Amino acid sequence: MALYTIADLHLSAGVQKPMDIFGGKWQGYMEKIQKNWRAVIQPEDTVVIGGDISWGINLQQSLPDFRILSDLPGKKIIGKGNHDLWWCTVKKMKRFFEENQIKNIDFLFNNCFIYDNIGICGTRGWFYEEDFKESHDEKIFRRELLRLEHSFQAAQAQGAEEIYCFLHYPPIFTSFRCGEIIDLMHRYQVEQCIYGHLHSDSLRYAVTGIHEGINFRLVSGDYIDFMPVLLKK
């Protein structure tokens, strides 16, 4: 039994929006994802996927991608990314999965999962590219903070001894620091923050390793060449 993670799969089995056009590590990426996954993930393992999972714009369009994930070994816990337009209410998503016999995928949203003594927590987060030009933007950001705190509180309530925070957006960048999110992680003594979203040229600005007492890890698909990253065995 082991805990793994990966983000930014950008699956496109149901729509015509493949990532192969970006070349490099994206060439044949969907086959690579499945091959690498099967090489390391066992049926008893858990994999946390940090958003940007499918290019489908609704659940039905994304169903072929969900079937790909469901057919891969292990339990999957998925979070929301900025391109996951299919994401709706958890109730609707769970009902859709039940109707389509998808039984090994669950949602990280206002909640927490326990793996061994680790609290698996997280939310989408907020990125430096998006400012507060309109009050609506700040409302979304405040909502993300509340979701993250609810997740941390759920971990504490379930007796987690460690907390891993899974975000889609990076909370820290070479020229950006989301103080509210980092302060919240400090308050709940988060040990690791795992994030995605960054690709191509933006990868050089990523912050990884221990900063401010937190171990930051970037796991976007092309950064790790689509090989799931082991967090705990």
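Modeller: Let me start with how the angle is taken: axes are lines fitted to C-alpha atoms, for helices over the stretch in contact, and angles run from 0 to 180 degrees between N-to-C directions. Keep in mind that this is a predicted model. In it, helix 2 and helix 3 pack with their axes 12 Å apart, at an angle of about 55 degrees.

Colleague: Thanks! What makes helix 2 oblique to helix 3?

Modeller: The angle is about 55 degrees. Angles under 35 degrees would count as roughly parallel, and 65 to 115 as roughly perpendicular. The value falls in neither range, so helix 2 is oblique to helix 3. Their crossing is right-handed.

Colleague: Which residues make the contact?

Modeller: Helix 2 brings Leu 59, Gln 60, Leu 63 and Phe 66, while helix 3 brings Lys 92, Met 93, Phe 96 and Phe 97. By class, six of the contact residues are nonpolar, one is polar and one is charged.

Colleague: Now the rings. Why is the pair of Phe 66 and Phe 97 called edge-to-face?

Modeller: Ring centres must lie within 6.5 Å to pair, and planes over 60 degrees apart count as edge-to-face. Here the centres are 4.9 Å apart and the planes stand at 65 degrees, so both conditions are met. Phe 66 sits in helix 2 (residues 59–71) and Phe 97 in helix 3 (residues 90–99), so the pair ties together parts that are 31 residues apart in sequence. Both Phe 66 and Phe 97 are buried.

Colleague: And what makes the pair of Trp 87 and Phe 109 tilted?

Modeller: Their ring centres are 5.7 Å apart, with the planes at 55 degrees. Stacked needs under 30 degrees and edge-to-face over 60, so this pair is tilted. Trp 87 comes from the loop between strand 3 (75–78) and helix 3, and Phe 109 from the loop between strand 4 (105–107) and strand 5.

Colleague: How do you know whether Trp 87 and Phe 109 are buried or exposed?

Modeller: The cut-off for buried is under 20% relative accessible area. Trp 87 is at 9%, so Trp 87 counts as buried. Phe 109, at 21%, is partly exposed. Both belong to a cluster linked by ring pairs, together with Phe 66, Trp 86, Phe 96, Phe 97 and Phe 107.

Colleague: One last residue: why does Asn 117 count as buried?

Modeller: Its relative accessibility is 18%, and buried means under 20%. Asn 117 lies in the loop between strand 5 (113–115) and strand 6 (118–123). Leaving aside residues up to four places away in sequence, Asn 117 touches Ala 160, Glu 161, Glu 162 and Lys 232.

Terms used. Residues numbered from 1 in each chain as written. Predicted model: local features only at pLDDT ≥ 70, side-chain atom pairs only at ≥ 80, totals over all residues. Heavy atoms only, no water. Helix = DSSP H or I, 4+ residues; strand = E, 2+ residues; numbered from the N terminus. Buried < 20%, exposed > 50% of the residue type's maximum accessible area, 1.4 Å probe, protein only. Contact = heavy atoms within 4.5 Å. Phe/Tyr/Trp six-rings, centres within 6.5 Å; stacked < 30°, edge-to-face > 60°. Left-handed = near helix turned anticlockwise from the far one by under 90°. Nonpolar A, V, L, I, M, F, W, Y, C, P; charged D, E, K, R; others polar.
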